[in-house]
Amino acid sequence: LTRSVTDEPRLYESTAKVLLAGMGADEQLAGYSRHRNAFRLGSWKGLVDEIENDVCHISYRNLGRDDRCISDHGKEARFPFLDENVVDFLQGLPVQYKADLRLGRGVGEKRLLRNVALLLGLSACSSLPKRAIQFGTRI
């Protein structure tokens, strides 16, 4: 939905054929609550192990499903966070650069992305807590 000049809601259909999807960011940057649990139970090593497990399983846990959902609507998906160079770069960083789960929700997870958002002037969204897409749209 979008709003018209008279502020009436109206349907909008994008003509874009290719969509950028954020898959891989949560898995690699400790964006899920299970990462907090792993950190709470096993400190930094527990968090590293959980991230490694997520990265190893992403191709058959989420990727196929999400690609099918997007292509079912006549669109193509691109997953920049799963680009080989991005994955290699993120895997080479110390986990403390990616997340600091000693900090609160909306601050500690995906720390790297939140810092980039701040640098780009996106301060309003840099501290929002994660919401699953099926709940986050508020539609």
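## A salt bridge to start with

Which residue's side chain meets that of K110 in a salt bridge? The partner is D26, with 2.9 Å from N to O; a salt bridge here is a side-chain nitrogen of Lys or Arg within 4 Å of a carboxyl oxygen of Asp or Glu. This pair ties together distant parts of the chain: K110 sits in the loop between α4 and α5, D26 in helix α1, and 84 residues separate them. K110 counts as buried because its relative accessibility is 16%, and D26 is buried too, at 12%. (Buried means under 20% relative accessible area, exposed over 50%, and partly exposed in between, using a 1.4 Å probe and protein chains only.)

K110 has something else worth a look: a positive phi of about 50 degrees, although it is not a glycine. The loop that holds K110 runs between α4 (95-98) and α5 (111-119).

## How far to trust the model

This is a predicted model, so local features need pLDDT of at least 70 and side-chain atom pairs count only at pLDDT 80 or more, while totals for chains, interfaces and linings use all residues. Residues are numbered from 1 along each chain as its sequence is written, and side-chain values use heavy atoms, with hydrogens and water left out.

The chain averages a pLDDT of 85, and 91% of the residues score at least 70; pLDDT is the predictor's confidence in each residue, from 0 to 100. Among the elements of the chain, helix α3 (residues 84-92) has the highest mean, 94, and strand β1 (residues 2-3) the lowest, 58. Helices (H or I, at least four residues) and strands (E, at least two) are DSSP runs, numbered from the N terminus.

## More salt bridges

How many salt bridges are there by this rule? The count comes to 9. One of them pairs E109 with R114, whose side chains meet at 3.0 Å, N to O. E109 is buried, since its relative accessible area is 4%, and R114 counts as buried at 10%.

Over in helix α2, K45 forms a salt bridge with D49, and the closest N and O atoms are 3.0 Å apart. Both residues lie in that helix, 4 residues apart, or about one turn. K45 is exposed, with 58% relative accessibility, whereas D49 is partly exposed at 34%. There is also a network of salt bridges linking R34, E50 and D54.

## A lysine without a partner

Now for K75, in the loop between α2 and β4 (76-78). K75 is buried yet has no salt bridge: E13, the nearest side chain of opposite charge, is 5.7 Å away. For charges, Lys and Arg count as positive and Asp and Glu as negative, with His and the chain ends not counted.

What does K75 touch, leaving aside its neighbours within four places in sequence? K75 is in contact with S14, T15, A16, K17, L19 and I70, where contact means heavy atoms within 4.5 Å.

## Two loop residues and an odd phi

G24 is found in the loop between β3 (18-20) and α1 (25-28). G24 counts as buried because its relative accessible area is 0%. Not counting residues up to four places away in sequence, G24 touches I58, F81 and L82. V55 is 31 residues from G24 in sequence, but the C-alpha to C-alpha distance is 7.7 Å.

L93 lies in the loop between α3 and α4 and is buried, at 16% relative accessibility. Setting aside neighbours within four places in sequence, L93 is in contact with K98 and L112. The odd phi belongs to S43, which is not a glycine but has a positive value of about 55 degrees. S43 is found in helix α2 (residues 33-71) and counts as partly exposed, at 38% relative accessibility.

## A nonpolar patch

Which residues form a nonpolar patch on the surface? They are V116, L120 and L122, with about 280 Å² of accessible area together. Patches are made of residues with over 30% relative accessible area and no salt bridge; like charges are joined within 9 Å, and nonpolar side chains (Val, Leu, Ile, Met, Phe, Trp, Tyr) within 5 Å. Accessible areas come from the Shrake-Rupley method with a 1.4 Å probe, and for residues only the protein chains shown count as cover. V116 is found in helix α5 and is partly exposed, with a relative accessibility of 38%.
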